[in-house]
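Please examine the sequence and the model shown below. The paragraphs that follow move from charged pairs to an enclosed space and then to a single buried position.

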Amino acid sequence: MLPPKFPHAALLYLAPCLCGLVAPAHSAHGFPAPIQAAIQEVAGNGHAVAQQAEDQSAVDVEAGTESVVSVPLAPAPLDLEQVATKESSFRTTEYGLPDLKLLLRAGLAPPAGLTALRAQERAAMQKSAIKDLSARLAGGERPAWIAALQAVLEGAPGGSALWLAAARVVGELGLYELDHTLTRGLAEDASARMQLASQRSLALLYGVAPTVNGEGQLERPFEPSAGTGHLLSLLREKEVEWLAQRFDLLARERAMATAALNDADARVRAEAARVLAKVVEKGEAPELNAILLPGLAKEVDPIAFHTRLQALLATTAGETADGERVRSLRSELVQLAGAAPSDRLLSISRALARLPWTLGPEQREHGLSSGIHHLINLLGRLAADPFSDGDAILGTVEALRSLVDKAGNDSKIIAQLERGPLTALVRNPNRSESERIAAAGVLGQLAHASDLDWILSVLLRPDTSASLRYALLGTAAALADKLTPGSPEGRALVLNLFRNASAPDVDLRRRALALLNGDAMGPHLEGEWDELFRILARETEPKLRSEALSLLHRHGNPRVLVALLQLDSFDELVRGDPGRVVELAGTIRNLAAGGSEELMGGARRLIAVQDDTTRRARLAQALQLAAGLNETSASRLSALDHREVIDWCLELSDAGEDLVAVLGIEFVHRLMGLHLGAAAFVDSAEIAAAQRASIRALLLSALATGGELQRGSEALAEYEKALVLLAELPEQQAFAARVRRDRARLALRNGNRVRSLADYRTLLARPNDGLLELVDLRNAADLLGGRSDAPRQTGAVGEAAERARLAAVEAFEILHDLVQRPEWRREQPAVRLQDLVGLGNQALASGNPAALQLARTALAGLPSVAPAEDSAANNATGAAVSAQGVAPSSASEFPLWYGLDRQADGLERLRNLSDSLTAALPPVKQANPSEAALTGGDPERAKPSDQTKVDSGQDSGKN
């Protein structure tokens with residue numbers, strides 16, 4: 001026997017291709033003639049070979065090479081937690097295995113027929129398991145492992161997964177001290193799987209599978225020694241050469257390939273089947289079906305079985321479901337599905353799925369229901385064995401799904417199917433999660449209403465994973481249209497879906513809400529809305545709140561609306577997101593079903609939300625809800641209701657919204673013709689008349705903007721009427737200023753620039769109370785020519801030149817006020833750039849030293865080149881410049897041009913303007929006391945003097 005650290009690198013190079021080698025010419029030991037010659041050659045030089053092997057071993061150890069190299073056959077991806085209850089517990093106890101899970105992963109071969117990618121993954125899994133097991137055998141656990149493996153090979157049921165795994169590990173890890181235990185698999189009464197496993201393991205040890213003499217002892221071709229590794233390397237070279245020659249002959253000689261189907265070597269049989277499959281695919285020999293089929297059931301090697309089956313499938317190409325070759329192959333596969341070893345069931349299931357079947361509920365052997373039935377039973381065989389390969393189960397479920405998909409929603413087919421094996425797999429907690437999920441996906445198309453109880457019970461189990469719940473929820477929801485509305489089963493289904501809609505897993509919540517939103521769930525939701533409201537109160541994901549609102553939108557009613565509007569978390573449904581305001585308003589509109597009280601109640605509730613960021617959106621949506629009232633319902637509103645609608649309209653207009661664009665021209669007409677006329681004004685008659693006139697003017701102005709141009713003159717007349725009335729009411733001057741501002745806007749839109757400028761001048765003379773918005777300041781500056789891209793070049797002299805200079809001073813002051821507003825920092829960069837350029841140009845046109853100095857100060861510190869987007873200079877400020885300008889929280893810390901220097905053309909315009917301002921400035925002199933008082937002693941912050949304002953005429957002319 002060899003010592004534990006005997007190097008087996010050469011043996012494991014041979015491992016991937018050795019399996020029961022037999023050739024036409026055999027020696028007394030049953031070895032192929034070329035291999036026997038190699039053995040004799042090595043035996044004749046035994047001493048030299050042994051010494052060479054020992055030297056190589058020393059080199060390998062010195063270099064730190066691994067002593068174990070895995071073969072490219074991967075272990076089954078068993079979730080062996082599933083066998084911890086019955087199978088592994090007693091076997092581990094009985095045989096003393098230190099780690100059953102590791103043994104099975106290292107020793108169980110995968111099924112044939114995997115994809116190339118999956119085969120690589122499985123190879124990596126087995127390599128890792130073999131490496132781990134080798135490391136444990138090299139340590140203090142070796143005696144325990146050797147004893148346990150010997151106990152398994154001598155006492156475990158022959159052909160069981162445990163025995164097969166142990167046999168393979170003996171060969172993979174070079175456990176020569178256990179080679180005698182493999183003779184049990186060489187006995188005449190041993191199963192074909194045991195014989196194959198023993199032969200292959202012994203071939204890994206000796207290069208060929210030794211025979212057993214009459215006394216049951218192995219006739220080894222050589223005694224293991226230090227030279228064994230080198231010997232196996234030579235054998236491998238000879239065998240590879242020999243196999244290459246045989247494969248080449250098979251590819252060139254069809255008759256030889258046909259004969260090789262019965263070769264003693266499984267690799268040769270597999271290669272022969274591949275060659276013949278290619279012949280069949282070319283359409284040259286469909287009659288090979290009669291040659292290939294008889295030996296299918298006798299094939300013991302999974303790979304050779306798979307390749308023969310693929311060749312048989314090729315012979316059926318183009319045949320219908322009742323074709324002769326299809327029927328004969330189908331009959332053979334159905335019999336094998338109930339009797340073949342589990343390592344062949346994946347190949348069988350996929351072949352059954354590839355065969356043609358007659359669509360319809362026929363019970364004939366080639367009917368689709370028959371094919372589904374056979375695959376379900378085959379799946380049951382696999383699922384009942386705790387050692388079944390996971391890929392085999394998943395592949396079989398995939399094959400089953402392909403046939404079920406062909407059946408579609410055919411109730412006749414579904415009704416007659418026995419789903420027991422499929423449901424058992426889903427319900428079995430000892431099977432892996434991936435297998436149960438795959439089965440649940442197929443069951444969703446086959447489930448009956450009677451399945452709901454056990455599905456819900458699995459969903460309620462605390463140990464059911466989120467992924468399995470995800471799959472089972474779809475299966476349960478698919479039964480909704482088979483349940484009676486209002487039935488206990490329907491209520492149980494809805495409550496379970498709501499329960500999962502509150503789960504910690506966000507994907508599970510999304511899945512449950514999407515299923516609740518299905519058409520079939522609507523009849524079962526009545527009376528269960530409290531659960532949904534609880535979800536709305538707890539849900540933090542915006543998209544899931546939208547999904548829950550969609551559920552209300554589709555299936556709710558006016559009674560549900562009352563509860564929704566009373567929800568404590570109502571504000572949270574829309575806070576901070578104008579888009580959700582639109583969604584919620586749509587839900588309210590749908591639930592209200594045209595009811596006036598419901599629509600107005602929903603509108604008031606939207607307005608009552610405390611959130612500035614959505615105020616404008618809520619005003620618009622509240623008015624649109626009011627617009628949903630029909631004429632009769634609208635006319636029945638109270639006077640206070642009408643006034644409420646008008647107030648919302650005024651606020652929305654003040655926010656800068658185009659009423660016609662937001663509300664539609666028909667509703668604006670209703671506002672003017674119905675709501676305004678019926679609205680209650682609790683003020684004095686004079687004030688009420690002025691209010692009505694101004695509101696009517698505002699609505700007429702909106703209509704004029706919306707396309708009814710003739711309404712513009714009517715609106716101006718109404719504004720004039722309101723201002724005349726307000727002139728007699730000094731305490732209403734703030735109201736009068738608002739009316740004047742609205743008239744200035746309308747006059748500008750109508751082209752009456754003189755009227756507009758006169759109104760703006762009047763308003764600019766008032767203290768700044770925030771009435772004039774940025775748009776108003778720009779309007780006034782533009783009326784004075786203040787935001788032009790170049791300084792004035794009028795060529796006027798005398799009085800005309802002085803008027804132009806004074807207009808430039810006036811425009812400068814307006815623009816200076818504009819750029820000092822905090823909200824100006826949030827304007828679009830292009831707009832801010834035009835404002836600054838206008839500021840500088842008006843300073844140049846005015847010639848006023850204080851204006852020139854202020855404009856120059858506004859542009860101070862401009863860089864010479866545009867900074868890189870990610871430069872440290874940009875990031876040092878700690879504030880970002882977005883499409884909306886500088887972050888308002890820290891806007892005052894940055895120069896007015898901050899963020900406008902990122903593009904070279906903008907920077908160039910500002911630098912040229914700065915240079916022009918510097919050149920136009922008079923020599924620096926000490927600021928006079930009045931100037932110092934205005935600027936705090938800082939000449940950089942000098943403003944035009946009060947006298948300049950007077951000179952400009954700003955205070956001298958009102959209208």
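In this predicted model, the side chains of Arg325 and Glu319 form a salt bridge, with a nitrogen-to-oxygen distance of 3.3 Å. That distance satisfies the criterion, because a salt bridge requires a side-chain nitrogen of Lys or Arg within 4 Å of a carboxyl oxygen of Asp or Glu. Arg325 itself is partly exposed, its relative accessible area being 26%.

A salt bridge also joins Asp835 to Arg778, here with 2.8 Å between N and O. This pair connects distant parts of the chain: Asp835 belongs to helix 43 (residues 829-846) and Arg778 to helix 41 (residues 774-783), and the two residues are 57 residues apart. Both Asp835 and Arg778 are buried.

Another pair to consider is Arg200 with Asp301, whose side chains meet in a salt bridge at 2.0 Å, N to O. Arg200 is located in helix 9 (residues 192-206), whereas Asp301 sits in the loop between helix 13 (289-292) and helix 14 (302-315); the salt bridge therefore ties together parts that lie 101 residues apart in sequence. The partners have their own degrees of exposure. Arg200 is partly exposed, with a relative accessible area of 22%, while Asp301 is buried, with a value of 2%. The boundary that matters for this assignment is 20%, since buried means a relative accessible area under that figure.

Salt bridges can also be followed beyond single pairs. Arg118, Glu121, Arg122, Asp389 and Asp391 are connected in a network of such bridges. By the distance criterion, the count for the structure comes to 56 salt bridges. As a general matter, side chains of opposite charge can pair when their charged atoms come close.

Attention may now turn to enclosed space. The structure contains 2 cavities of 30 Å³ or more, and the second largest cavity has a volume of about 30 Å³. Its lining consists of Arg427, Pro429, Arg436, Arg461, Asp463 and Thr464. Sorted by class, the residues lining this second largest cavity comprise 4 charged, 1 polar and 1 nonpolar.

The last position is Ala351, which is found in helix 16 (residues 345-354). Is Ala351 buried or exposed? Ala351 is buried, with a relative accessible area of 1%. Leaving aside residues up to four places away in sequence, Ala351 touches Leu309, Leu313 and Leu333. Of these contacts, Leu333 is 18 residues from Ala351 in sequence, and their C-alpha atoms are 8.1 Å apart in space.

Technical notes. Residues numbered from 1 in each chain as written. Predicted model: local features only at pLDDT ≥ 70, side-chain atom pairs only at ≥ 80, totals over all residues. Heavy atoms only, no water. Helix = DSSP H or I, 4+ residues; strand = E, 2+ residues; numbered from the N terminus. Buried < 20%, exposed > 50% of the residue type's maximum accessible area, 1.4 Å probe, protein only. 1 Å grid on protein atoms, 1.4 Å probe; cavity = no way out; pocket = protein on both sides within 12 Å on 5 of 7 lines; lining within 4 Å. Points joined across faces, edges and corners; volume = space filled by probe spheres on them. Nonpolar A, V, L, I, M, F, W, Y, C, P; charged D, E, K, R; others polar. Contact = heavy atoms within 4.5 Å.
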